[in-house]
Amino acid sequence: MLSRLIFSLINNLRVVEKLAESRPIRRAAQITAYAITKAQIAGRDASQRAMRSQTIQQVREEVGKVPGDLGQIGGRIRRVKDTFVNEVKDGWKDGSRQIKK
């Protein structure tokens, strides 16, 4: 019974217009739009940082090289791993500093 009442209210154009004009609904829409915009900006920044990443650049360079033996492959993988670990540590430190601000 309650679901029918709510369904009929939601489908009533006048009720929806009144709710849309109310301050709490407008504020909720503003907050939602703000959160979505901030998330898009953060995602764009993260993808740009990833593309500038030394790890990504190093992987691209290593893929183009033809290995001579398994020792070379192991050394390359180790260098990529070390670069990745260093970038994660730097990112962790930067995040900690931003949280402290």
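Five helices and zero strands: that is the secondary structure of this protein. Keep in mind that we are looking at a predicted model. Reading from the N terminus, the elements go α-α-α-α-α.

Now the overall surface. The protein has 101 residues, and 8% of them count as buried. The exposed area comes to about 9100 Å². Carbon and sulfur atoms supply 62% of that area.

Start at the N-terminal end. Helix H1 covers residues 2-10, and Leu5 sits in it. How exposed is Leu5? Its relative accessible area is 47%. Buried would need under 20%, and exposed would need over 50%. Leu5 is therefore partly exposed, at 47%. Leu5 also belongs to a nonpolar surface patch. Its partners there are Leu2, Ile6, Leu9 and Ile10. Together these five residues make a patch of about 480 Å².

Next, the pockets. Rolling a probe the size of a water molecule over the atoms shows where empty space is left. The largest pocket has a volume of about 350 Å³. Which elements give two or more residues to its lining? They are helix H3, residues 23-52, and helix H5, residues 70-100. H5 gives the most, with seven residues.

Here is the lining, by name. Going up in residue number, we have Ala46, Arg49, Ala50, Ser53 and Gln54. Then come Asn86, Glu87, Asp90, Gly91, Asp94, Gly95 and Gln98. What is the chemical make-up of that lining? Six residues are polar, four are charged and two are nonpolar.

Let me stay on helix H5 for one more residue. Lys81 is found there. Is Lys81 buried, exposed or partly exposed? Its relative accessibility is 47%. That value lies between the 20% and 50% limits, so Lys81 counts as partly exposed. Lys81 also pairs up with Thr55 for a distance check. In sequence, the two are 26 residues apart. In space, they are 8.2 Å apart, C-alpha to C-alpha.

To recap, we have five helices, a nonpolar patch that includes Leu5, and a largest pocket to which H5 gives the most lining residues.

Terms used: Residues are numbered from 1 along each chain as its sequence is written. This is a predicted model: local features need pLDDT of at least 70, side-chain atom pairs count only at pLDDT 80 or more; totals for chains, interfaces and linings use all residues. Side-chain values use heavy atoms; hydrogens and water are left out. Patches are made of residues with over 30% relative accessible area and no salt bridge: like charges are joined within 9 Å, nonpolar side chains (Val, Leu, Ile, Met, Phe, Trp, Tyr) within 5 Å. Accessible areas come from the Shrake-Rupley method with a 1.4 Å probe; for residues, only the protein chains shown count as cover. A salt bridge is a side-chain nitrogen of Lys or Arg within 4 Å of a carboxyl oxygen of Asp or Glu. Helices (H or I, at least four residues) and strands (E, at least two) are DSSP runs, numbered from the N terminus. Buried means under 20% relative accessible area, exposed over 50%, partly exposed in between (1.4 Å probe, protein chains only). On a 1 Å grid over the protein atoms alone, a cavity is a set of points where a 1.4 Å probe fits but cannot get out, and a pocket is an open set with protein on both sides within 12 Å along at least five of seven lines; lining residues have an atom within 4 Å of a point. Grid points are joined across faces, edges and corners, and a volume is the space filled by probe spheres set on the points. Ala, Val, Leu, Ile, Met, Phe, Trp, Tyr, Cys and Pro count as nonpolar, Asp, Glu, Lys and Arg as charged, and the others, Gly among them, as polar.
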